[in-house]
Amino acid sequence: MSSSSARSRRRSACPVCGAFASDADAPFCSQGCRDRDLLRWLGEGYAIPGTPTDRDEES
Ligand SMILES: [Zn+2]
């Protein structure tokens, strides 16, 4: 018996930080990354003064 570990289930990675995307915020991992991506589009080349978000709310 061959266990099909290779399912055709593609879990996309968040284009912003590379974490696994959540179903709620797909294709992003969180609302924060969604906003970030949007800001990128709106203000490409803008330097947004730092909010070092090392940790999003994951737990
Ligand atoms: Zn993310």
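**Notes on a one-helix model**

1. Ser-12 is exposed, because 11 other C-beta atoms lie within 10 Å; the label exposed is given at 12 or fewer such atoms, buried at 20 or more, and partly exposed in between, with C-beta atoms placed from the backbone. Ser-12 sits in the segment before α1. Leaving out residues up to four places away in sequence, Ser-12 touches Ala-21, Ala-26 and Pro-27, where a contact is a pair of residues whose C-beta atoms, placed from the backbone, lie within 7 Å. Cys-29 is 17 residues from Ser-12 along the chain, and their C-alpha atoms are separated by 9.3 Å.

2. A word on the ground rules, since you will want them. This is a predicted model, in which local features need pLDDT of at least 70, side-chain atom pairs count only at pLDDT 80 or more, and totals for chains, interfaces and linings use all residues. Residues are numbered from 1 along each chain as its sequence is written.

3. Now the chain as a whole. It has 1 helix and 0 strands; helices (H or I, at least four residues) and strands (E, at least two) are DSSP runs, numbered from the N terminus. Of the 59 residues in the chain, buried ones make up 8%. Taking contacts between residues at least 6 apart in sequence, 8% join residues at least 24 apart.

4. Do have a look at the peptide bond between Ala-26 and Pro-27, which is cis, with omega about 5°. For context, most peptide bonds are trans. Pro-27 belongs to the segment before α1, and Pro-27 is also one of the residues that Ser-12 touches.

5. Next comes Asp-25, placed in the segment before α1 (31–42). Asp-25 counts as partly exposed because it has 14 C-beta neighbours inside 10 Å. Setting aside neighbours within four places in sequence, the contacts of Asp-25 are Ser-30, Gln-31 and Arg-34. From Asp-25 to Cys-14 the C-alpha to C-alpha distance is 9.4 Å, with their positions 11 residues apart in sequence.

6. Finally, Val-16, another residue to inspect, is found in the segment before α1. Is Val-16 partly exposed or buried, and why? Val-16 is partly exposed, because its C-beta neighbours inside 10 Å number 18. Not counting residues up to four places away in sequence, Val-16 touches Phe-28, Cys-33, Arg-36 and Asp-37. Val-16 and Asp-35 are 19 residues apart along the chain, and 9.9 Å separates their C-alpha atoms.

How values were computed. Two residues are in contact if their C-beta atoms, placed from the backbone, lie within 7 Å.
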